[in-house]
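Reader: I am new to this structure and should like to understand the terms by which it is described. May I put some questions to you about the grounds for each description?

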Amino acid sequence: MAYLDHAATTPMLDEALAAYVAAAREVGNPSSLHAAGRRARRLVEESRERIAAVLGARPSEVIFTSGGTESDNLAVKGIFWARRAGSLSRGRVVASAVEHHAVMDAAEWLGTHEGAQLSWLPVDDAGRVDPASLAELLTAYADEIAVISVQWANNEVGTVQPVAELARIAAQAGIPLHTDAVQAIGQVPVDFAATGAAAMTITGHKVGGPVGVGALLLGRDVNCVPLLHGGGQERDVRSGTLDTAGVAAFAAAVETTVKSQAEYARRVGDLRDELVARVRAAVPDAILNGDPVDRLPGNAHFSFPGCEGDALLLLLDAQGVHCSTGSACSAGVAQPSHVLIAMGADDDRARSSLRFTLGHTSTRADVDALLAALPGAVERARRATAWKTPR
Amino acid sequence: MSGGVDSAVAAARAHDAGHDVTGVHLALARNPQTYRTGARGCCTLEDSRDARRAADVIGIPFYVWDMAEQFHANVVDDFVAEYAAGRTPNPCLRCNEKIKFEAVLDRAVALGFDAVVTGHHARLGDDGLLRRSVDDGKDQSYVLAVLTRSQLDRAVFPLGDSTKAQVREEAARRGLAVADKPDSHDICFIADGDTQGFLQRRLGDAPGDIVDGRTGERLGRHNGAYGYTVGQRKGLDLRVPAADGRPRYVLSITPVTNTVTVGPREDLEVDTVTAERTIWHGAPTPVECDVQLRAHGEVVPAVVTVEDGALTARLRSPARGVAAGQAIVAYQRSADGDIVLGSATIAAGVASETLAAARA
């Protein structure tokens with residue numbers, strides 16, 4: 001089996017698994033006042049400190065959540081609500097056109113149910129936001145904007161966004177910027193404080209931690225209305241019993257991946273470059289999508305003209321090669337990706353795309369397996385597209 | 001794999017037979033402009049989930065194929081156009097012809113598969129003949145008879161030798177959760193079952209006359225001829241009662257004049273059926289056989305002649321409610337299950353001079 005879908009989820013690291021099992025054997029609610037509770041709380045707080053330390057944040061800025069989707073929703077909705085409560089005229093949400101659905105759909109929901117105005121920042125053909133377009137938007141709407149959200153790196157095509165520059169522009173206008181850094185942690189250097197973002201989403205299972213635990217890094221001076229009400233466990237911004245074992249494993253994974261980021265990026269980046277070169281040699285008309293240079297080290301995203309991505313996926317899957325078409329609806333139908341459409345691709349090119357993502361367990365054997373299966377799969381997928389042409 | 005019990009058991013049997021089987025669920029609903037909003041009602045989620053679970057239990061890969069565009073163009077739009085043209089279409093038949101055994105089959109073959117397996121209740125044995133299922137009540141050979149030889153050569157129907165009850169029992173034995181799932185009856189793309197409302201929304205009002213078939217007298221008005229089917233009695237809403245006080249039936253629909261013609265029950269009787277778009281598997285005609293004129297309809301002995309792609313059936317006894325657009329399927333009686341000889345789309349049902357004379 002060649003697992004080339006690490007951006008969807010990546011195997012747990014030994015460090016994370018060990019931390020999880022050790023913590024899961026112990027009893028204790030971190031909110032309890034007795035010794036068992038205090039032990040659990042200590043583990044949570046140590047985890048918070050470990051995460052903060054490697055990501056350039058203060059421990060108090062780490063708010064544990066159930067993962068990326070919750071963190072994105074909390075940031076976009078919570079900051080929007082808090083800012084609008086302060087001034088009714090602040091009803092505009094700004095986000096890039098290539099955000100993950102957790103940001104995009106949260107913003108759309110605010111538009112539909114909370115009367116928010118939405119502004120989408122365009123991207124160029126590499127999927128990159130131009131900071132000048134944010135500056136322009138701020139000139140027009142500075143007094144109306146409640147929150148800005150731009151991802152650190154794109155989950156489909158891997159393009160790294162100029163987040164620091166965008167955050168600087170936002171900060172000058174006094175507007176909080178949230179960044180979804182789910183795909184970036186452990187892949188590229190990420191420093192919350194240095195960036196100047198007001199909030200940042202991270203999650204466990206993209207860095208070798210467990211699914212179901214993540215965090216929102218939220219600047220101490222950033223007001224945010226909670227999504228979940230209850231015990232107020234996390235700075236009164238997030239309620240719910242803390243998942244001690246999950247948090248401990250999450251911290252172990254974040255710490256391990258961030259500390260080894262440079263070495264990882266070199267090794268996986270080289271392997272990815274080899275994959276790209278070999279795919280191009282095997283399928284000369286394949287188009288590499290995303291920024292050719294400023295991209296995540298593990299990401300290779302192609303359009304294969306004349307193919308449908310889901311046909312290729314089926315054929316590669318049958319050969320034990322696991323990859324992704326990008327966005328899928330919950331019933332499993334591949335829709336043309338909004339990311340590629342925003343980059344100016346037409347429907348056919350968007351539908352013909354396939355994402356290969358490498359990770360910490362990837363080896364040359366995975367690339368070999370892909371290249372053994374790909375030429376035949378492309379040929380068959382092209383034949384399968386031909387039936388669509390009227391006879 | 002629709003998410004129903006039949007296709008689940010068919011897949012399981014094909015898998016047991018040693019084939020390399022892949023489960024495919026067809027997403028057929030079109031949902032434009034909603035993809036980005038998160039309101040992703042683009043597929044029948046529950047059916048898709050049921051199909052996926054069945055594939056898990058059987059142990060085969062599973063994918064959803066988006067056939068919404070093809071389904072819309074070839075089945076839904078065709079359904080509406082047929083009604084607009086005064087005919088009564090059978091969308092399930094069209095779906096077999098154009099989607100399951102054309103769009104899906106062609107794609108599958110291109111991807112390297114050999115055949116499409118479905119949970120239809122019909123027999124297709126080594127002799128290549130399409131026969132009725134052993135379960136008369138569930139037999140679906142009528143909606144499969146439209147398949148050409150080359151389509152049948154790539155079709156596998158593993159359920160033809162079993163009754164529906166046996167299929168359900170087997171599903172339960174195999175641990176398939178869909179064992180007790182109710183049968184689907186309605187047209188799948190009309191979610192609320194209101195065909196008239198669906199056509200009304202698509203075609204709008206098109207008022208015209210309702211006339212007496214014998215006198216030509218105008219008896220009333222209708223809001224759209226698509227609201228009427230040959231043989232229909234209810235809902236005519238005629239102010240003027242028939243002279244003899246007997247009920248009146250829809251005899252025919254004439255799109256050119258947008259007229260619905262009605263008359264007494266005996267005027268519905270026809271003994272000659274002409275049909276087009278013929279698919280013929282049997283020996284050269286004329287042939288003495290049985291014909292079926294609608295899904296789950298009665299079977300009538302007839303002499304069938306096929307000439308230049310047109311089919312004519314002279315019925316041994318008159319039939320009623322023969323609607324243009326439905327299929328006429330010819331069967332040859334057989335102890336091993338009646339054999340499909342061919343199928344064609346009904347153009348008209350007419351009364352021969354003899355029958356007309358007897359009526360008068």
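Author: Let us begin with helix α4 of chain B, where B:L93, B:R94, B:C95, B:N96, B:E97, B:K100, B:F101, B:E102, B:A103, B:V104, B:L105 and B:R107 are buried. Please note that the model is a predicted one.

Reader: What makes a residue such as B:L93 in α4(B) count as buried?

Author: The test is whether 20 or more other C-beta atoms lie within 10 Å of the residue's own. B:L93 is among the residues of α4(B) classed as buried, so by the cut-off at least 20 or more such atoms surround its C-beta atom within 10 Å.

Reader: Where is the kink in α4(B) centred, and what follows the helix?

Author: The kink, of about 35°, is centred on B:L105, one of the buried residues of this helix. The angle is taken between axes fitted to the seven residues ending there and the seven starting there. Just after α4(B), B:G112 has a positive phi of about 110°.

Reader: Which residue marks the bend in helix α3 of chain B?

Author: Helix α3(B), residues 68-84, bends by about 35° at B:D78. Its buried residues are B:Q70, B:F71, B:V75, B:V76, B:F79, B:E82 and B:Y83. Their cover includes α4 (91-111) and α7 (195-203) of chain B. Just after α3(B), B:G86 adopts a positive phi of about 85°.

Reader: Why is chain B called as compact as a globular protein of its length?

Author: Chain B holds eight helices and 16 strands. Its radius of gyration is 22 Å, and the globule rule gives 21 Å for 360 residues; the two values are close, so the chain is as compact as a globular protein of that length. Along the principal axes, the C-alpha atoms of chain B fill a box of roughly 65 × 55 × 35 Å.

Reader: How many of the residues in chain B are buried, and what part of its contacts joins distant positions in the sequence?

Author: Buried residues make up 41% of the 360 residues in chain B. Among contacts with a separation of 6 or more, 63% are between residues 24 or more positions apart.

Reader: What makes β12(B) and β13(B) a pair, and in which sense do they run, parallel or antiparallel?

Author: Pairing requires at least two bridges. Strand β12 (residues 287-292) and strand β13 (residues 299-307) of chain B have six bridges between them and run antiparallel, so the requirement is met. B:V287 stands opposite B:V304 in β13(B). The two strands form a hairpin with six residues between them, and B:H296 in the turn has a positive phi of about 60°.

Reader: How many bridges does β13(B) make with β14(B)?

Author: Six bridges join β13(B) to strand β14 (residues 310-319) of chain B in the antiparallel sense. B:V303 has B:R314 as its bridge partner in β14(B). This hairpin has two residues between its strands, with B:D308 in the turn at a positive phi of about 50°.

Reader: Turning to chain A, how do you know that strand β5 is mostly covered?

Author: Five of the five residues of β5(A), residues 145-149, are buried. Four bridges join β5(A) to strand β3 (residues 92-96) of chain A, and these strands run parallel; A:V147 is the bridge partner of A:V93. β5(A) also pairs in the parallel sense with strand β6 (residues 177-180) of chain A over two bridges, where A:I148 is partnered by A:L177.

Reader: Why is the unit formed by β5(A), α6(A) and β6(A) called right-handed?

Author: The unit consists of β5(A), helix α6 (residues 163-172) of chain A and β6(A), and its crossover is right-handed. The term applies because, with the strands pointing away from the viewer, the path from the first strand over the helix to the second runs clockwise.

Reader: What makes β9 and β12 of chain A edge strands?

Author: Three strands of chain A form an open antiparallel sheet in the order β9-β10-β12. β9 (287-288) and β12 (353-357) each pair on one side only, and they are the edge strands. Five bridges join strand β10 (residues 299-303) of chain A to β12(A), with A:N299 opposite A:T357.

Reader: Which residues touch the most other members of the largest nonpolar core?

Author: They are A:V93, A:A199, A:L217 and A:A248, in a core of 92 residues. Helix α8 (residues 244-259) of chain A gives the most to this core, with 10 residues. A second, separate core of 89 residues includes B:V9, B:A27, B:L93 and B:A225.

Conventions
Residues numbered from 1 in each chain as written. Chains lettered and ligands numbered in written order. Predicted model: local features only at pLDDT ≥ 70, side-chain atom pairs only at ≥ 80, totals over all residues. Core = buried A, V, L, I, M, F, W, Y, C linked by C-beta atoms within 7 Å. Buried ≥ 20, exposed ≤ 12 C-beta atoms within 10 Å, placed from the backbone. Rg over C-alpha atoms; globule rule 2.2 N^0.38 Å. Contact = placed C-beta atoms within 7 Å.
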